[in-house]
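This report describes a single protein structure. It begins with one residue and its surroundings, then turns to the pocket, the cysteines and the fold as a whole.

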Amino acid sequence: MDVFLIFLTVFLTLVCSLCTALLVPLRQRRLRVEPRFFKRVKVPFPASALFAGIGNKSDTDNVQNFGVIIPMFVLHIVGYVCSLLIWAIVPVLYYRAGIDTDILFVIPLAIAVLFVVAVVVTEYLCVSFSRKKLLEEQTSEEHTEEEKTEETSENQG
């Protein structure tokens with residue numbers, strides 16, 4: 001039974017660390033955020049392989065030139081830190097703190113679940129902010145077009 005719990009702990013540690021490390025870069029490909037409404041961080045070459053841009057467009061996907069929006073940049077970094085934390089904390093808790101394998105597998109799972117919740121909340125806030133700004137931009141364009149048509153009709157009349 002102890003061998004099964006050790007296997008379960010190692011397997012969940014691997015899955016949870018991969019989940020925290022790869023969730024944000026993979027979610028970036030499908031995100032419906034308009035990146036022009038956010039400040040961006042340009043990532044230089046060696047580190048740019050670890051980050052993903054918004055969507056599958058070539059101009060927004062290039063993090064060296066276009067950059068990564070700041071909320072997603074922070075989530076990238078937090079995901080990598082959580083992944084390293086999971087790999088560091090499980091052996092330390094098992095060998096140093098003597099935590100039993102019956103509850104040890106819960107720790108990486110809890111870290112991964114908290115990170116997934118943070119990603120979902122951040123994505124929701126970014127998408128809603130982007131939609132709000134896009135709607136404001138569209139309404140302001142409609143108002144300027146109406147004003148231009150009113151001015152031309154007044155000038156003609």
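## Thr-9 and its contacts

In this predicted model, once the neighbours within four places in sequence are left aside, Thr-9 is in contact with Val-90, Thr-101, Leu-104 and Phe-105. Thr-9 itself is found in helix α1, and it counts as buried because its relative accessibility is 4%, under the 20% that sets the limit for buried residues.

## The largest pocket

Thr-9 is also one of the residues that line the largest pocket, and among its contacts Val-90, Thr-101 and Leu-104 belong to that lining as well. The other lining residues are Ile-6, Val-10, Thr-13, Trp-87, Pro-91, Tyr-94 and Tyr-95, and the volume of this pocket comes to about 160 Å³.

Which helices each supply at least two residues of the lining? They are α1, spanning 2–28, α4, spanning 70–95, and α5, spanning 101–104, and of the contributing elements α4 gives the most, with five residues. Sorted by class, the lining holds eight nonpolar and three polar residues, while charged residues are absent from it.

## Cysteines

How many disulfides does the structure hold? The count is zero, and for Cys-16 the nearest cysteine sulfur, which belongs to Cys-19, lies 6.8 Å away, whereas a disulfide would need the two sulfur atoms within 2.5 Å.

Is Cys-16 buried or exposed? With a relative accessibility of 4%, Cys-16 counts as buried, and Cys-82, at 14% relative accessibility, likewise counts as buried, because the limit for that class is under 20%.

## Overall architecture and surface

The protein is built from six helices and two strands, and these elements, read from the N terminus on, follow the order α-β-α-α-β-α-α-α. Of the contacts with a separation of 6 or more, 74% are accounted for by residues 24 or more positions apart; the contacts of Thr-9 with Val-90 and Thr-101 are examples of residues brought together from separate parts of the chain.

Buried residues make up 32% of the 157 residues in the protein, and Thr-9, Cys-16 and Cys-82 are included in that class. The area that the protein exposes is about 10300 Å², of which carbon and sulfur atoms supply 65%.

How values were computed. Residues numbered from 1 in each chain as written. Predicted model: local features only at pLDDT ≥ 70, side-chain atom pairs only at ≥ 80, totals over all residues. Heavy atoms only, no water. Buried < 20%, exposed > 50% of the residue type's maximum accessible area, 1.4 Å probe, protein only. 1 Å grid on protein atoms, 1.4 Å probe; cavity = no way out; pocket = protein on both sides within 12 Å on 5 of 7 lines; lining within 4 Å. Points joined across faces, edges and corners; volume = space filled by probe spheres on them. Helix = DSSP H or I, 4+ residues; strand = E, 2+ residues; numbered from the N terminus. Nonpolar A, V, L, I, M, F, W, Y, C, P; charged D, E, K, R; others polar. Contact = heavy atoms within 4.5 Å. Areas by Shrake-Rupley, 256 points an atom, 1.4 Å probe, with all protein chains shown as cover.
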